[in-house]
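Work through the following exercises with the sequence and the structure in view, and try each task before reading its solution.

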Amino acid sequence: MSINPLPPPKPATGLGRVPAARWFVVIGVVSGLVFMGGTALIMTLVADVRARGPKPEVAAQIDHLNVALIVLLAVLAAAGVGLAFIVRFTVLKPISQFTDQVRKVAAGDFDHELAVRRPAELAELSSHVDSMRRRIVAAWRSAEDQAGELRRSNGELEQFAYVASHDLQEPLRKVASFTQMLEQRYGDQLDDRAKQYIHYAVDGAKRMQLLINDLLDFSRAGRVTGERTVTDSGGPLSTAVENLSAAIEDSGAVITHDALPKVVGNTTQLTQLFQNLIENAVKFRSEQPPRIHIGARRDGRMWEFSCSDNGIGVDSKYSDRIFLIFQRLHPRDVYPGTGIGLALCRKIVEYHGGRLWLDPGAEGQGATFRWTLPAAGDEKE
Ligand SMILES: Nc1ncnc2c1ncn2[C@@H]1O[C@H](COP(=O)(O)OP(=O)(O)O)[C@@H](O)[C@H]1O
Ligand SMILES: [Mg+2]
């Protein structure tokens, strides 16, 4: 079993620091001394009275008193010693036995049974604590089993998505290319309607290819846990901008950015992240040419990045929905896309230990997405 042992117990303060056993010893010694002092005092008084030569009846009474006192003192001494043994064997020893057992459990041996047989009160307490231990361990084991099962089925699902999307590409490529060949080869024998049908078929196949590619990226982001290194985030940004150069040029988009920091991340995935966000900012543009700004500010051990644009913006009521896979807010003929981009971005950021969200404050002036990434350790403020 693997669970962190509990932190060491908090030390007691004030008089509570002194262990109970020590209190008993101190009280026992003090009472013993008082007891012996009292005995010596009584004996001196009796000897004193005897020395004055009392009458015979009085002397006899004193002798009786003496015997009675000696018996009383003997009984008291025996009771004191008996009490000390009782306290030791019925209170202090069981408590220390129980403490040893609890200490073992607290140190991580969660299967260690807590059982003290005597006295009745402590036996009851230990049985309650032990049943609590057993229930917690059982609940925790079942949670761990479930988490393992979930991890396994998640892995299977990701593997399935990968294999399915990977293997689907080949037949699809065939459909697209042979349909195109059909048009090239027999185009002159086909009427307009037939050509239109071929166009639809090719268009459908291409869209499917795009979908499969995006799906492949998405499943890969969870399956392949790419290496994370200290990366200058400017690198992935310029690669992303380069990959999008055609769309940026067509739309006349202007992209600016703050000084970009070093982060701990995977270059390929960070490129995908920038690329998807900038692609969206260009795609969902308004009448004006897109102006996109990438910002960065330090937030504790993380860097908070932002990507803001002057496009059509997102209604804040969809701020969760847009991050779900295949969720889009517009028909495909108005803004093409597969609805996988933001889901992939969120997966990438979460894989890096950060968070990605839509900034609700930016409504009416385009959209601003924010995300955090772990700062590289050597970064200054
Ligand atoms: N910069 C943006 N401006 C306005 N809407 C956006 C922006 N980015 C994303 N969205 C909205 O979020 C949806 C999901 O985005 P995404 O997952 O990238 O899918 P896709 O780009 O394929 O539509 C988009 O369909 C769009 O409605
Ligand atoms: Mg997109």
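**Exercise 1.** Find which residues Val46 touches, leaving out residues up to four places away in sequence, and decide whether Val46 is buried, exposed or partly exposed.

*Solution.* In this predicted model, the residues that Val46 touches, once those up to four places away in sequence are set aside, are Ile62 and Asn66. Val46 itself belongs to helix α1, which covers residues 20-51. The next step is to look at the pair Val46 and Ile62, which are 16 residues apart along the chain and have their C-alpha atoms separated by 7.4 Å. The last step is a count: 15 other C-beta atoms lie within 10 Å of Val46, so this residue is partly exposed, given that buried requires 20 or more and exposed 12 or fewer.

**Exercise 2.** State how the protein is divided into domains, and how many Å separate the centres of domain 1 and domain 3.

*Solution.* The division gives domain 1 (14-112), domain 2 (147-222) and domain 3 (227-374). Taken over C-alpha atoms, the centres of domain 1 and domain 3 are separated by 81 Å.

**Exercise 3.** Describe the largest nonpolar core, and work out where it lies with respect to the domains.

*Solution.* The largest nonpolar core has 37 residues, and those with the most contacts inside it are Leu277, Ile278 and Cys345. Among the elements that each supply at least two residues of this core are α4 (192-223), α5 (234-243), α7 and β4 (291-299). The largest share, seven residues, comes from α7. Because domain 2 (147-222) and domain 3 (227-374) both give residues to this core, it lies between them. As a general background, nonpolar side chains in soluble globular proteins tend to be buried together. To follow one member of the core outward, take Ile278, which touches Ala240, Val241, Leu244, Ile255, Ile292 and Cys307 when residues up to four places away in sequence are not counted.

**Exercise 4.** List the buried residues of α5 and say against which elements they pack.

*Solution.* The buried residues of α5 are Pro236, Leu237 and Ala240. They cover an arc of only 100° around the axis, and therefore they sit on the same side of α5. The elements against which these buried residues pack are β2 (254-257), α7 and β4.

**Exercise 5.** Characterise the surroundings of ligand 1, beginning with the residues that come nearest.

*Solution.* There are 21 residues around ligand 1, of which Asn280, Leu329, Gly337, Gly341 and Leu342 come nearest. Sorted by type, the shell divides into ten nonpolar, nine polar and two charged residues. Both α7 (267-283) and α8 (341-351) supply at least two residues each to this shell.

**Exercise 6.** Locate Thr338 and Phe326, and decide for each whether the residue is buried or exposed.

*Solution.* Thr338 is placed in the loop between β5 and α8, and Phe326 is found in the loop between β5 and α8 as well. Thr338 has 20 C-beta neighbours inside 10 Å and so counts as buried, whereas Phe326, with 11 C-beta neighbours inside 10 Å, counts as exposed. Thr338 touches Leu210, Leu211 and Asp214, not counting residues up to four places away in sequence. Phe326 also has a positive phi of about 70°, although it is not a glycine.

Note on methods:
Residues are numbered from 1 along each chain as its sequence is written. Chains are lettered from A and ligands numbered from 1 in the order in which they are written. This is a predicted model: local features need pLDDT of at least 70, side-chain atom pairs count only at pLDDT 80 or more; totals for chains, interfaces and linings use all residues. A residue is near a molecule or strand if its C-beta atom, placed from the backbone, lies within 6 Å of it. Helices (H or I, at least four residues) and strands (E, at least two) are DSSP runs, numbered from the N terminus. Ala, Val, Leu, Ile, Met, Phe, Trp, Tyr, Cys and Pro count as nonpolar, Asp, Glu, Lys and Arg as charged, and the others, Gly among them, as polar. A nonpolar core is a set of buried Ala, Val, Leu, Ile, Met, Phe, Trp, Tyr and Cys residues joined through C-beta atoms within 7 Å. Domain bounds come from an automatic or database domain assignment. Two residues are in contact if their C-beta atoms, placed from the backbone, lie within 7 Å. The arc is that of the directions from the helix axis to the C-beta atoms.
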